[in-house]
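Work through the exercises below with the sequence and the model side by side. Try each task before reading its solution.

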Amino acid sequence: MTDTTERTFALPDLGEGLVEATVLEWLAAPGDRIGRNAPLVELETTKSAVEIPSPYAGTVVRLHAEEGEVVQVGSALVTFAVEGPAGEADGGAAGRAGIVGRVPQDEEAPRRRVRLRPPEE
C-alpha cells in the first residue's frame, strides 16, 4: 500500500556563509513528475550560479518563489507530492541526506552536474 505525502524542500545552506540566493530558472513546473537528483532549479548567489537537483522523486505541487526572486536559506523552495509505503515518516533516504547532492552510502544515484559561473555585473 502506498500513500502520497507532501514534502517541502527548503533552500539549503549553499556554503561559505551565504544566506540567500536568487532563482535564475526553474527547470520543473507544477504538475511535472521529477526524479530524485534530476535538475530542479538554477540559483545564483553572490559567488556563483549552481543547479540544484531534486531531493525527491514525485510530482511538483508548488514553487514557492518566482524567477528573479531572492530566497533566504531555510525558506520553502518547492513542495512535492511523494509516493511511498504507508507509514514512511521521513521521506526515505532523500529526506535524511540533509545536504544537497549528498547520496547515502547504501544507495546509488546518477551524479549531478553543477554549473558554476561568475555573477553577471
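The exercises go from the chain as a whole to single residues and pairs.

The model is predicted: local features need pLDDT of at least 70, side-chain atom pairs count only at pLDDT 80 or more, and totals for chains, interfaces and linings use all residues. Residues are numbered from 1 along each chain as its sequence is written, and side-chain values use heavy atoms, with hydrogens and water left out.

**Exercise 1. The chain**

Task: Find how many helices and strands the protein chain has, and give the order of its elements.

Solution. Step one is the definition: helices (H or I, at least four residues) and strands (E, at least two) are DSSP runs, numbered from the N terminus. Step two is the count, which gives one helix and eight strands. Step three is the order: from the N terminus the elements read β-β-β-β-β-β-β-β-α.

**Exercise 2. Buried or exposed**

Task: State what share of the protein chain is buried, then decide whether Asn37, Glu44, Thr5 and Ala29 are buried or partly exposed.

Solution. Start with the cut-offs: buried means under 20% relative accessible area, exposed over 50%, and partly exposed in between (1.4 Å probe, protein chains only). Of the 121 residues in the protein chain, 36% are buried. Now take the residues in turn.

- Asn37 sits in the loop between E3 and strand E4 (39-44). Its relative accessibility is 15%, so Asn37 counts as buried.
- Glu44 belongs to strand E4. Glu44 counts as buried because its relative accessibility is 17%.
- Thr5 is part of strand E1 (residues 2-10). With a relative accessible area of 29%, Thr5 is partly exposed.
- Ala29 is in the loop between strand E2 (20-26) and strand E3 (33-34). Its relative accessible area is 31%, so Ala29 is partly exposed.

**Exercise 3. A backbone angle**

Task: Give the sign of phi in Asn37.

Solution. Most residues other than glycine have a negative phi. In Asn37, phi is near 75 degrees, a positive value in a residue other than glycine.

**Exercise 4. Sequence and space**

Task: For Thr5 and Ala81, compare the separation in sequence with the C-alpha to C-alpha distance. Do likewise for Glu44 and Glu25.

Solution. Thr5 and Ala81 are 76 residues apart in sequence, and their C-alpha atoms are 5.5 Å apart in space. For Glu44 and Glu25, the separation is 19 residues in sequence and 9.5 Å in space, C-alpha to C-alpha.

**Exercise 5. The aromatic pair**

Task: Which residues form the aromatic pair, and what is its geometry?

Solution. Rings of Phe, Tyr and Trp (its six-membered ring) pair if their centres lie within 6.5 Å; planes under 30 degrees apart count as stacked, over 60 as edge-to-face and the rest as tilted. The structure holds one aromatic pair. Tyr56 and Phe80 form this pair, with 5.6 Å centre to centre and 65 degrees between the planes, and it is edge-to-face. The pair links distant parts of the chain, 24 residues apart: Tyr56 is in the loop between strand E5 (49-53) and strand E6 (58-63), and Phe80 is in strand E8 (residues 76-85). Both Tyr56 and Phe80 are buried.
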